[in-house]
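Colleague: I have the model open and would like to go through some of the labels with you. Could you show me how the values lead to the words?

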Amino acid sequence: MIITKQNMAELAWQKMDNLIPCVVQNAQSGKALMQGFMDQAALEKTLDTKLVTFFSRSKQRLWTKGEESGNSLNLLEISADCDNDCLLALVNPVGPTCHTGAETCWFDSESPDISFISDLEQVIASRKGADPDSSYTAHLYSKGIKRIAQKVGEEGVETALAATVKDLEELKNESADLIYHLLVLLQASDLNLSDVIDVLKQRHGK
């Protein structure tokens, strides 16, 4: 159930003394970032401000993530599980989430492989405008979008050729080159992978 101010009363508040656990997930990478507790006031403030707000059991008050550090959690959507006794908040985080300075409070655990693409995309985006001699990515940006597009074409052909001759090691390497250069091309065009995924989602229902 997607939570709104109209249906939040349907949550199973009575199960945990008016506190419901909320897991926060990065909407881009899929990484679990942190877990906290919300009472009805915290949930209502979260929905109103679009900034994730918890009830702090140690401070006994509402606490908006980032109110001191600036590392806020910008809410995209919040939903309840099948028993209406746990929440999942999809967010775009600003800065690291964990108080240790780590991206996520589960920094010792392995992340899903697919989340590496999101990490790589952020690194690629950070190279925009950098000294062309500082990295290959910055050098590519300096050559302009036509050269980047040309590289995508070249890597696409090499990927197809590797598959044709059934060279699996080369296919893996060329596929990695293709994905990397495509991400650079998207960033150079002021787009990101989420824009492409939106198109795939639209097509999936047809």
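Colleague: Where is Asn18 found, and what makes Asn18 count as partly exposed?

Modeller: Asn18 is found in the segment before strand 1. This is a predicted model, and in it Asn18 has a relative accessibility of 32%. Buried would need under 20% and exposed over 50%, so Asn18, at 32%, counts as partly exposed.

Colleague: What is noted about the phi of Asn18?

Modeller: Phi of Asn18 is near 70°, a positive value in a residue other than glycine. Most residues other than glycine have a negative phi, so a positive value is worth pointing out.

Colleague: Which value makes Lys166 exposed, and where is the place of Lys166?

Modeller: The relative accessibility of Lys166 is 70%. Exposed means over 50%, so Lys166 gets that label. Lys166 sits in the loop between helix 4 (145–164) and helix 5 (168–188), and its phi, near 60°, is positive in a residue other than glycine.

Colleague: Now the sheet, please. Why do strand 2 and strand 5 stand at the edges?

Modeller: The open sheet has four strands in the order 2-1-6-5, with mixed pairing. Strand 2 (32–38) and strand 5 (73–80) each have a single partner strand, so one side of each is left without a neighbour in the sheet. From one strand to the next, the twist averages 25°.

Colleague: How do you know that strand 5 and strand 6 pair?

Modeller: Two strands pair if there are at least two bridges between them. Seven bridges join strand 5 to strand 6 (residues 87–93), so the rule is met. These two strands run antiparallel, and one of the bridges has Glu77 with Leu90 in strand 6 as its partner. Strand 5 and strand 6 also form a hairpin with six residues between them, and Asn84 in the turn has a positive phi of about 60°.

Colleague: How many bridges join strand 1 to strand 2?

Modeller: Six bridges join them, and the strands run antiparallel. With at least two needed, strand 1 and strand 2 therefore count as paired. Val24 has Met34 in strand 2 as its bridge partner. Here, too, there is a hairpin: five residues lie between strand 1 and strand 2, and Gly30 in the turn has a positive phi of about 80°.

Colleague: What makes strand 2 mostly covered, and which helix lies across strand 2?

Modeller: Five of the seven residues of strand 2 are buried. Helix 1 (residues 40–49) lies across strand 2, strand 5 and strand 6, and runs at about 130° to strand 2.

Colleague: Let's turn to charges. Why is the pair of Asp48 and Lys5 called a salt bridge?

Modeller: The closest N and O atoms of Asp48 and Lys5 are 3.1 Å apart. The cut-off is within 4 Å, so the pair qualifies. Asp48 in helix 1 and Lys5 in the segment before strand 1 (20–26) are 43 residues apart, so the pair links distant parts of the chain. Asp48 is partly exposed at 48% relative accessibility, and Lys5 is partly exposed at 40%.

Colleague: Is Lys31, in its salt bridge with Glu103, buried or exposed?

Modeller: Lys31 has a relative accessibility of 6%. Buried means under 20%, so Lys31 counts as buried. Its partner Glu103 is partly exposed, at 32%. The closest N and O atoms of this salt bridge are 2.9 Å apart. Lys31 is in the loop between strand 1 and strand 2, while Glu103 is in the loop between strand 6 and helix 2 (115–126), 72 residues apart.

Colleague: How many salt bridges does the count come to?

Modeller: The count comes to eleven salt bridges. Among them is Arg61 with Glu67, the closest N and O atoms being 3.1 Å apart. Arg61 is partly exposed at 33%, and Glu67 is partly exposed at 39%. Salt bridges that share partners also join Arg147, Lys151, Glu154 and Glu155 into one network.

Colleague: Finally, which residues form the nonpolar patch on the surface?

Modeller: Val196, Ile197 and Leu200 form the patch, with about 230 Å² of accessible area together. Leu200 is found in helix 6 (residues 193–204).

Key
Residues numbered from 1 in each chain as written. Predicted model: local features only at pLDDT ≥ 70, side-chain atom pairs only at ≥ 80, totals over all residues. Heavy atoms only, no water. Axes fitted to C-alpha atoms, helices over the stretch in contact; angles between N-to-C directions. Contact = heavy atoms within 4.5 Å. Patch = residues over 30% accessible without salt bridge, like charges linked within 9 Å, V, L, I, M, F, W, Y side chains within 5 Å. Areas by Shrake-Rupley, 256 points an atom, 1.4 Å probe, with all protein chains shown as cover. Salt bridge = Lys/Arg side-chain N within 4 Å of Asp/Glu carboxyl O. Buried < 20%, exposed > 50% of the residue type's maximum accessible area, 1.4 Å probe, protein only.
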